[in-house]
Amino acid sequence: PKMEKEAEEGIIRQRLLMREVTLKRAAKKFLALQEVVESGRPETECAEAQQALLRELMMYERAMQKAEDLCATYDEEKRDYEALCNSRAEQIAQAEKELESLKHLLDEERVSMQHMEEYAALRKAIGERPSSQESEREIARLESEVAELQHNTDDVNSRLDTRTKQFSLLIHTVNLLGAELEAEKAEKSEGVATADKKP
């Protein structure tokens, strides 16, 4: 969990700070021992300074050991958490796979149900259709009507073709008459112009 992780990180930071403080104290004790030795003080003072340095070093070593133990515990918990996450991810993937399979099965069932409904409707339609004899009579009647309509269509097309030809001839005749009238009009206009020019 996030809160436990933050608490562990806080403990690690505190341990590191304590280790730094302990290391500084050990350095001071070492300098003090060096000063006692160099100043030629009695051996008792040297022994006391030495013991003080050893105590600081032992405290530093214990602090280091605790920090290492805490890091090892944190790493182990981290591996357990990652293993749990991987397991959950596999379970989610498996659930999604099963869900997709169920969706596919549901789609197949829907298609099957639709086919069954279509087959039922087809059986009902077949049951409602007339017998083969009635169908043959209906087909014969429709064929007769189609033949009659085809005959009427041919007759109408023939008359339409005749009327089209007649209309084309009429248009041609009208065009010829129009041209003759234009020619006569032009001749009359030229005759009048000639008469006007005579003295």
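These questions and answers go through a predicted model of one protein.

Student: In which helix is confidence lowest?

Tutor: The mean pLDDT of the protein is 78, and 82% of its residues reach 70 or more. Where pLDDT is low, the coordinates should not be read in detail. Confidence is highest in α2, at 84, and the lowest mean, 66, belongs to α1.

Student: Which element gives the largest share of the largest nonpolar core?

Tutor: The largest nonpolar core has five residues: Leu33, Val36, Cys46, Ala49 and Leu53. The elements that give two or more residues to this core are α1 (2-39) and α2 (43-128). The largest share, three residues, comes from α2.

Student: Which residues are linked with Arg141 in a network of salt bridges?

Tutor: Side chains of opposite charge can pair when their charged atoms come close. Arg141 meets Glu138 in a salt bridge at 2.3 Å, N to O, and Glu145 in another at 2.5 Å. Glu138 and Arg141 are three residues apart in helix α3, so about one helical turn separates them; Arg141 and Glu145 are four residues apart in α3, also about one turn. The residues linked with Arg141 in the network are Glu138 and Glu145.

Student: Is Asp155, which forms a salt bridge with Arg159, buried, partly exposed or exposed?

Tutor: The closest N and O atoms of Asp155 and Arg159 are 3.3 Å apart. Buried means under 20% relative accessible area, and exposed means over 50%. At 38%, Asp155 falls between these cut-offs, so Asp155 is partly exposed.

Student: What is the area of the nonpolar surface patch that includes Leu170?

Tutor: Leu170 lies in helix α3, residues 132-197. Phe167, Leu170, Ile171 and Val174 make the patch, and its area is about 380 Å².

Note on methods. Residues numbered from 1 in each chain as written. Predicted model: local features only at pLDDT ≥ 70, side-chain atom pairs only at ≥ 80, totals over all residues. Heavy atoms only, no water. Core = buried A, V, L, I, M, F, W, Y, C linked by side-chain atoms within 4.5 Å. Buried < 20%, exposed > 50% of the residue type's maximum accessible area, 1.4 Å probe, protein only. Patch = residues over 30% accessible without salt bridge, like charges linked within 9 Å, V, L, I, M, F, W, Y side chains within 5 Å. Areas by Shrake-Rupley, 256 points an atom, 1.4 Å probe, with all protein chains shown as cover. Salt bridge = Lys/Arg side-chain N within 4 Å of Asp/Glu carboxyl O. pLDDT = per-residue confidence, 0-100.
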